[in-house]
Amino acid sequence: MRLTQFSVLLGATLLSVQALAHDFTAGDIHIIHPWSRALPPVAPTGAAYLVLENKGDQADRLTGATSPIAGRVELHEHVHQDGLMKMQQIDSVAIAPGAQVEFKPGGNHFMLFDLQQPLVEGGSYPLTLSFEHAGEVEVEVKVTGEPAPAAPADHDAHSHH
């Protein structure tokens with residue numbers, strides 16, 4: 001009897017973990033858990049995060065992204081300059097063979113400008129990633145967490161180069 005209860009509990013736990021994880025593949029590139037933070041409905045910009053893993057034996061490069069919910073999507077990085085943390089647009093991100101590149105708050109991220117719909121907790125949206133070798137792949141970005149304060153959502157206050 002106990003073994004049966006344990007088996008049911010273990011099965012339910014594994015299913016819930018699988019439901020939370022959502023991964024995608026483009027060639028040798030494995031895309032792990034794309035997500036965005038919920039924002040106030042009036043936020044004009046948002047950000048998306050994920051992890052890229054190169055399972056191949058040659059380097060690849062993320063060259064851009066698009067989404068129907070944004071007027072444009074840019075690759076950005078955070079840099080420390082003159083004692084300040086600044087965000088700036090970058091053209092691409094290299095992914096070495098066997099390496100992982102994490103897009104996270106305070107690091108590399110996708111900026112979504114001119115949002116066409118609010119980023120509401122529990123929602124999701126498509127994001128198409130473009131790679132030099134792996135080609136294009138559409139991923140589903142899940143919106144999670146509490147809304148961020150309105151001030152950080154105003155990305156225009158940050159320095160761009």
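Hi everyone, here is a short walk through one protein chain, from its overall make-up to a few chosen residues.

What you see is a predicted model, where local features need pLDDT of at least 70, side-chain atom pairs count only at pLDDT 80 or more, and totals for chains, interfaces and linings use all residues. Residues are numbered from 1 along each chain as its sequence is written, and side-chain values use heavy atoms, with hydrogens and water left out.

Let's start with confidence. The term pLDDT is the predictor's confidence in each residue, from 0 to 100. The protein chain has a mean pLDDT of 84, with 77% of its residues at 70 or more. Residues 6-19 have pLDDT below 50, and beyond near neighbours in sequence that stretch has 1 contact in the model; a contact means heavy atoms within 4.5 Å. Residues 148-161 are also below 50, and there the model has 28 contacts beyond near neighbours in sequence. As a general caution, where pLDDT is low, the predicted coordinates should not be read in detail.

Now the overall build. How many helices and strands does the protein chain have? There are 2 helices and 11 strands, taken as DSSP runs numbered from the N terminus (helices are H or I with at least four residues, strands are E with at least two). Reading from the N terminus, the order is α-β-β-β-β-β-β-β-β-β-β-β-α. Of the contacts between residues at least 6 apart in sequence, 68% join residues at least 24 apart.

About 9,000 Å² of the protein chain is exposed, and carbon and sulfur atoms supply 55% of that; these areas come from the Shrake-Rupley method with a 1.4 Å probe, and for residues only the protein chains shown count as cover. Of the 161 residues, 40% are buried. Buried here means under 20% relative accessible area, exposed means over 50%, and partly exposed is in between (1.4 Å probe, protein chains only).

That brings us inside. In soluble globular proteins, nonpolar side chains tend to be buried together. A nonpolar core, for our purposes, is a set of buried Ala, Val, Leu, Ile, Met, Phe, Trp, Tyr and Cys residues joined through side-chain atoms within 4.5 Å. The largest one here has 33 residues, and Ile31, Leu52, Leu62, Phe110, Leu129 and Phe131 have the most contacts inside it. Apart from it lies another core, of 5 residues, including Trp35 and Phe113.

Let's stay with Leu129. Leaving out residues up to four places away in sequence, Leu129 touches a list of residues including Ile31, Leu52, Leu62, Phe110 and Val137. Leu129 also stands opposite Ala65, as a residue of β10.

So what about strand β10 itself, is it enclosed or open? Strand β10 covers residues 124-131, and 6 of its 8 residues are buried, so it is largely enclosed by the rest of the structure. Strand β4 (residues 60-66) pairs with β10 in the antiparallel sense over 4 bridges; two strands pair if DSSP finds at least two bridges between them. Strand β11 (residues 135-144) also pairs with β10 in the antiparallel sense, over 8 bridges. One of the bridge partners is easy to find: Ser124 is matched with Lys142 in β11. Between β10 and β11 there are 3 residues, and the two strands form a hairpin.

Next, charges. The whole structure has 2 salt bridges, each being a side-chain nitrogen of Lys or Arg within 4 Å of a carboxyl oxygen of Asp or Glu. Which residues are linked in a network of salt bridges? They are Arg72, Glu74 and Asp114. Arg72 meets Glu74 at 2.9 Å, N to O, and meets Asp114 at 3.9 Å, N to O. The pair of Asp114 and Arg72 links distant parts of the chain, 42 residues apart, with Asp114 in strand β9 (residues 109-115) and Arg72 in strand β5 (residues 70-81). Glu74 is buried at 11% relative accessible area, while Arg72 is partly exposed at 40% and Asp114 is partly exposed at 45%.

Last, two residues to find on screen. Asp23 sits in strand β1 (residues 23-26) and is partly exposed, at 39% relative accessibility. The C-alpha atoms of Asp23 and Val139 are separated by 8.2 Å, with their places 116 residues apart along the chain. Arg37, in strand β2 (residues 29-37), is partly exposed at 34%. From Arg37 to Val120 is 83 residues in sequence and 8.3 Å in space, C-alpha to C-alpha.

Thanks for listening!
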